[in-house]
Amino acid sequence: SIFQLIIISFGRRGNIGMTLKEKISQDFKEAFKAREEARVSVLRMLNAAIKNKEVEKRMKLASQGVAVAEMEIQSQLQDEEVLAVLASEVKRRKDSVKQYTDGGRPELAAGEEAEIKILSAYLPEEMKEEEIRKIVQESIKESGASSIHDLGKVMKILMPRVKGKADGNLVNQIVKEELGK
């Protein structure tokens, strides 16, 4: 609609209405101008990961026979999808930190930690354990789960509520604890 176009065009001039993808791109340009090598490197990698996800989405749309003009619009990642890419990149680095630490390479682990810090600035604040536990309990009641065998039912209801806001491993652990009671 015309209203959306006005908001989008206004958003590009100011910070209001700016998508997460646009914010990352703007921050990349600012970091590049300021010669912040670490941020430039991380944000360049992040932009590439976002672009790869868009290409993947475009290929899927092409296989469904979507028109080219429509494909361009539909293949643009929404903020929620950009957050998923961000979360994936953070997770990848956390795994690397663990491997480097276990392998006795603290200097490489420190580099990964610095990248995590840069990426985490774009993620919403993670939920506290108490908040997660409350949502887990609500999801268990809603699903009618009674034992650990109902884990899948609970996760199906729970994950959309905590996605991008909580560590998946912690969520899984809390669900198992609550179902084990």
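Me: Is Asp27 buried or exposed?
Reply: This is a predicted model, and in it Asp27 is found in helix α2. Burial means a relative accessible area under 20%. The relative accessible area of Asp27 is 7%, so the residue falls in the class buried.

Me: Which residues is Asp27 in contact with, leaving aside its neighbours within four places in sequence?
Reply: Asp27 belongs to helix α2. With neighbours within four places in sequence set aside, the residues in contact with Asp27 are Arg39, Leu43 and Tyr122.

Me: What kind of aromatic pair do Phe28 and Phe32 form?
Reply: Both residues lie in helix α2 (residues 20–33), 4 residues apart, about one turn of the helix. The count of aromatic pairs comes to 1. In this pair, Phe28 and Phe32 are 6.2 Å apart centre to centre, with 35 degrees between the planes. Planes under 30 degrees apart would count as stacked and over 60 as edge-to-face, so the remaining class applies: tilted.

Me: Which of Phe28 and Phe32 is buried, and which is exposed?
Reply: The cut-offs are under 20% for buried and over 50% for exposed. Phe32 has a relative accessible area of 51%, so Phe32 is exposed. Phe28 has 17% relative accessibility and is therefore the buried one: Phe28.

Me: How are α2 and α5 oriented to each other?
Reply: The two helices, α2 and α5 (residues 79–102), pack with their axes 8 Å apart and at an angle of about 55 degrees. Angles under 35 degrees count as roughly parallel, and 65 to 115 as roughly perpendicular. The angle fits neither class, so α2 and α5 are oblique.

Me: How many nonpolar, polar and charged residues make up the contact of α2 with α5?
Reply: From α2, Leu20, Lys21 and Ile24 take part, meeting Asp79, Val82, Leu83 and Leu86 in α5. The residues of this contact divide into 2 charged, no polar and 5 nonpolar.

Me: Which helix gives the most to the largest nonpolar core?
Reply: That core has 21 residues, and Ile24, Leu46, Ile50, Val82 and Leu86 touch the most other members. At least two residues come from each of α2, α3 (37–63), α5 and α6 (106–120). With 6 residues, the helix giving the most is α3.

Me: Which residues does Val82 touch, not counting those up to four places away in sequence?
Reply: Val82 is one of the residues in α5 that meet α2. Not counting residues up to four places away in sequence, Val82 touches Leu20, Lys21, Ile24, Ile50 and Leu77.

Note on methods. Residues numbered from 1 in each chain as written. Predicted model: local features only at pLDDT ≥ 70, side-chain atom pairs only at ≥ 80, totals over all residues. Heavy atoms only, no water. Phe/Tyr/Trp six-rings, centres within 6.5 Å; stacked < 30°, edge-to-face > 60°. Buried < 20%, exposed > 50% of the residue type's maximum accessible area, 1.4 Å probe, protein only. Axes fitted to C-alpha atoms, helices over the stretch in contact; angles between N-to-C directions. Parallel < 35°, antiparallel > 145°, perpendicular 65-115°, else oblique. Contact = heavy atoms within 4.5 Å. Nonpolar A, V, L, I, M, F, W, Y, C, P; charged D, E, K, R; others polar. Core = buried A, V, L, I, M, F, W, Y, C linked by side-chain atoms within 4.5 Å.
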